[in-house]
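Here is a short, friendly briefing on charged side chains and how they pair up. Have the viewer open and follow along from pair to pair.

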Amino acid sequence: MVIAASSLGTVFEWYDFYLYGLLATTISAQFFAGVNDTTAFIFALAAFAAGFAVRPFGALVFGRIGDLVGRKNTFLVTMGIMGGSTFAVGLLPNFATAGVAAPILLVTLRVLQGLALGGQYGGAATYVAEHAPNHKRGLYTSWIQTTATLGLFASLLVVIGTRSWLGEAAFASWGWRVPFLASILLLGVSLWVRLQLNESPVYARMKATGNVSKAPLTEAFLRWGNLRIVLIALFGAVVGQAVVWYTGQFYALFFLEKTLKVDGMTANVLIAVALALGTPFFVFFGWLSDKIGRKPIILAGCLLASISYFPLFHALTQAANPALAEAQAKAPVTVYADPALCSVQFDPIGKNKFDKTGCDIAKSTLAKAGVPYATKANGSGDVSIGATNVAVGEMTTYSKRLSAALAEAGYPAKADDARINKPMVVAILFALVLLVTMVYGPIAGMLVELFPSRIRYTSMSLPYHLGNGWFGGFLPATAFAMVAATGDIYYGLWYPVVAAACTFILGLLLLPETFRKRIED
């Protein structure tokens with residue numbers, strides 16, 4: 001009952017949180033219509049990341065409350081905030097109706113969601129761990145770890161169902177609101193289930209003996225002994241876990257849809273299948289961590305991710321959009337231009353049309369078409385597509401001439417559904433999800449075991465949400481900005497590769513093993 005009730009509520013909160021990520025492309029059109037396409041998508045991802053940015057602050061606020069007044073009531077409050085904010089997203093006016101007020105309201109609701117989620121995870125993981133037998137804590141808490149993926153899976157199913165029911169045109173116009181509005185039903189069920197729970201036995205004993213911390217923030221972060229463990233947990237475990245999680249479950253989806261031009265419905269279905277296949281491995285690796293330890297599994301996942309991401313994403317391009325891969329191989333694109341004449345293809349105020357220089361027109365056209373390119377520092381913006389050279393010439397026709405040359409060289413406007421190797425795409429996505437299960441399945445058990453019970457909620461929540469909120473949550477927006485700046489569709493992968501490798505090294509040297517530790521102290 002404890003596992004089911006805690007997991008159900010957390011599934012709902014992740015469902016709420018990730019609806020936005022799944023609909024980033026649609027939301028960029030609805031709420032950021034005043035800027036160019038590339039900037040709009042990066043803005044949509046930045047608004048997605050805004051919810052993550054405030055998660056550490058939610059962890060501080062609600063973690064403190066959880067250590068002062070109890071686990072159960074705290075995550076009831078966070079659930080109400082999350083559910084109300086999600087429902088309100090479905091009611092927001094879009095940019096065409098409300099102008100700049102629309103994205104401001106959207107970001108405000110994302111911030112509220114992030115604050116609530118910052119207080120949710122630590123409470124659920126602590127609550128389950130404090131009910132679990134010492135030798136099964138990894139197994140029991142791994143069910144909490146499935147909830148993020150199950151929430152994503154549930155939101156995928158709702159989005160896919162709504163898209164199928166309404167059709168793409170209606171969904172893009174107004175149907176995207178339905179999954180947000182439907183969340184109010186899930187909120188009611190989840191609140192009712194959690195109201196049936198009692199307080200954690202460990203917390204109840206602490207309260208009965210008067211051992212509850214009176215200053216959890218001070219004890220957790222202003223005393224070096226505990227702060228040292230917080231920092232080791234953050235950089236030696238959670239940062240790597242976070243970037244692997246968001247690369248495998250979000251960046252892969254965005255890469256399919258935005259870079260490889262796979263139809264949104266198809267991309268959602270392929271990700272959903274991979275998630276369904278991969279989700280049981282959260283529990284498997286949680287169980288395994290009770291046998292061999294948390295540390296070797298988490299660090300092995302980080303190491304494998306750091307050495308496999310580039311080949312896996314190259315293979316994903318071959319399987320999902322073979323025409324793009326073939327065009328890249330036969331007719332690579334190079335922009336010849338003085339760097340002083342080139343702008344970064346990101347326009348935060350929506351005023352730059354990127355049409356003043358040959359380089360800007362070339363890069364804007366290539367970015368909009370999703371065509372990867374290299375840059376060489378000579379010339380005024382001419383583009384070579386294989387053996388074909390497209391000179392700047394008349395500025396007003398340059399973009400059209402370039403688009404025509406790209407089409408002639410075989411660069412597709414979108415992925416051909418008939419040519420997508422769907423079993424191979426699912427296999428690659430499954431491999432990415434499997435890495436996620438390795439790093440994420442045992443992490444809750446480890447974080448709970450690292451800290452004393454009187455300040456556990458506060459202590460574990462902050463490194464978890466710093467890692468996942470900042471290092472993980474900003475990954476999609478940062479990676480796509482890196483791609484936009486360089487023209488290399490794989491350049492954004494350096495972010496998770498370097499972060500995962502650093503976590504492997506630091507964790508190997510500093511992270512303690514915890515799986516045999518008692519947590520009643």
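Let's begin with Arg419, which counts as partly exposed because its relative accessibility is 38%. Keep in mind that this is a predicted model. Arg419 is one half of a salt bridge, and the structure holds eight salt bridges. Three of these pairs are described below, together with a closer look at Glu449.

**The Glu326 and Arg419 pair**
- The side chain of Arg419 meets that of Glu326 in a salt bridge, with 2.7 Å from N to O.
- This pair links distant parts of the chain, as Glu326 and Arg419 are 93 residues apart.
- Glu326 sits in helix α17 (residues 322-330), while Arg419 is in the loop between α19 (395-408) and α20 (422-440).
- Glu326 has a relative accessible area of 37%, so this residue is partly exposed.

**A shared network**
- Arg137, Asp290, Arg294 and Glu449 are joined into one network by salt bridges that share partners.

**The Glu449 and Arg137 pair**
- Within a salt bridge of 2.8 Å, N to O, the side chain of Glu449 meets the side chain of Arg137.
- Because Glu449 lies in helix α21 (residues 443-450) and Arg137 in helix α8 (residues 137-166), the pair ties together parts that are 312 residues apart in sequence.
- Are these two partners, Glu449 and Arg137, buried or exposed? Both Glu449 and Arg137 are buried.

**A closer look at Glu449**
- Glu449 has a relative accessibility of 1%, and buried means under 20%, so Glu449 counts as buried.
- Which residues does Glu449 touch, not counting those up to four places away in sequence? The contacts of Glu449 are Arg137, Arg294, Thr514, Phe515, Lys517 and Ile519.
- Two of the residues that Glu449 touches, Arg137 and Arg294, also belong to the salt-bridge network with Glu449.
- From C-alpha to C-alpha, Glu449 and Thr126 are 9.5 Å apart in space, and they are 323 residues apart in sequence.

**The Arg163 and Glu168 pair**
- Arg163 and Glu168 also meet through their side chains in a salt bridge, at 3.1 Å from N to O.
- Arg163 counts as buried because its relative accessibility is 7%.
- Glu168, at 36% relative accessibility, counts as partly exposed.

Key:
Residues are numbered from 1 along each chain as its sequence is written. This is a predicted model: local features need pLDDT of at least 70, side-chain atom pairs count only at pLDDT 80 or more; totals for chains, interfaces and linings use all residues. Side-chain values use heavy atoms; hydrogens and water are left out. A salt bridge is a side-chain nitrogen of Lys or Arg within 4 Å of a carboxyl oxygen of Asp or Glu. Helices (H or I, at least four residues) and strands (E, at least two) are DSSP runs, numbered from the N terminus. Buried means under 20% relative accessible area, exposed over 50%, partly exposed in between (1.4 Å probe, protein chains only). Contact means heavy atoms within 4.5 Å.
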